[in-house]
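Welcome! Let's look at a structure together and ask how its labels are earned.

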Amino acid sequence: MSPHAGPPSPADHLRSVFYRMGLDDKEIVALSGAHTLGRSRPERSGWGKAETKYTKAGPGAPGGQSWTVLWLKFDNSYFKDIKKRKNEDLLVLPTDAALFEDPQFKVYAENYAEDQDVFFKDYAAAHAKLSNLGAKFDPPEGIIIDDDSNVAPEHFAAAEHSPSE
Ligand code: HEM
């Protein structure tokens, strides 16, 4: 193969980035669903349109291109919209499109487009895992700062997902 054969496929790229952090195919697809929120701005990342009918009024700084119509609402519309790819005003990055093109990713993406509850459950678990990656908790069961509180300490699952040293 030529050394100038171009970058790896979007799916290969996603795996090379996420696998080294211990995240699997299901978690890649679930976390990508964060793009149900927010916008891309060409002057920042180089991706997306300068503005669309969904973003031109803001809120905040107007403009950019969203992945979904209601881009301030967290739901599973990202998966429905990138599956259809029918709306010119909505963004689909190559890594978004890969979720319905790669056979392993597609199983999860189809499921999330159909079943919002499964998406919410898998997203919450994957987001917590991503947030806690590399964190070390001592003691592992957590601590209570407020002595008057009867609230049980939160169970930290990070240790299961973090490299030992
Ligand atoms: C899967 C690989 C990913 C790629 C290639 C990617 C790419 C991008 C790009 C190009 C933007 C637009 C940035 C800009 O122009 O301002 C963006 C925005 C965003 N990304 Fe991702 N992203 C990925 C994963 C994630 C993950 C894992 C999360 C969170 C769990 C996430 C959350 C967001 C959010 C919320 C925005 C909107 C930010 C805003 O409205 O200012 N992305 N992403």
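The questions below look at a helix, a core and a ligand shell in this predicted model.

Q: What makes the span of helix α6 close to the one expected?
A: Helix α6 covers residues 116-132, 17 residues in total. The expected span takes 1.5 Å times one less than the number of residues, which gives 24 Å here, and α6 reaches 24 Å from its first C-alpha to its last.

Q: Why can the buried residues of α6 be said to line one face of the helix?
A: The buried residues are F119, D122, Y123, A126 and K129. Seen down the helix axis, they fall within an arc of 135°, so they line one face. In general, residues three or four places apart point the same way, because an α-helix has 3.6 residues a turn.

Q: What makes D117, K121, A124 and S131 count as exposed?
A: A residue is exposed if 12 or fewer other C-beta atoms lie within 10 Å of its own. These four meet that cut-off, and they sit on the other side of α6.

Q: Which residues have the most contacts inside the largest nonpolar core?
A: They are V29, F105, A109 and Y112, in a core of 24 residues. Helix α5 gives the largest share, five residues.

Q: How do you know that A109 touches V29, F79, L99 and F100?
A: Contact asks for C-beta atoms within 7 Å, and A109 meets this with each of those four, leaving out residues up to four places away in sequence.

Q: Which residues come nearest to the ligand?
A: Of the 16 residues around the ligand, L31, A34, G38, S40 and S45 do. By class, this shell has six nonpolar, seven polar and three charged residues.

Notes: Residues numbered from 1 in each chain as written. Predicted model: local features only at pLDDT ≥ 70, side-chain atom pairs only at ≥ 80, totals over all residues. Helix = DSSP H or I, 4+ residues; strand = E, 2+ residues; numbered from the N terminus. Buried ≥ 20, exposed ≤ 12 C-beta atoms within 10 Å, placed from the backbone. Arc of directions from axis to C-beta. Near = placed C-beta within 6 Å. Nonpolar A, V, L, I, M, F, W, Y, C, P; charged D, E, K, R; others polar. Core = buried A, V, L, I, M, F, W, Y, C linked by C-beta atoms within 7 Å. Contact = placed C-beta atoms within 7 Å.
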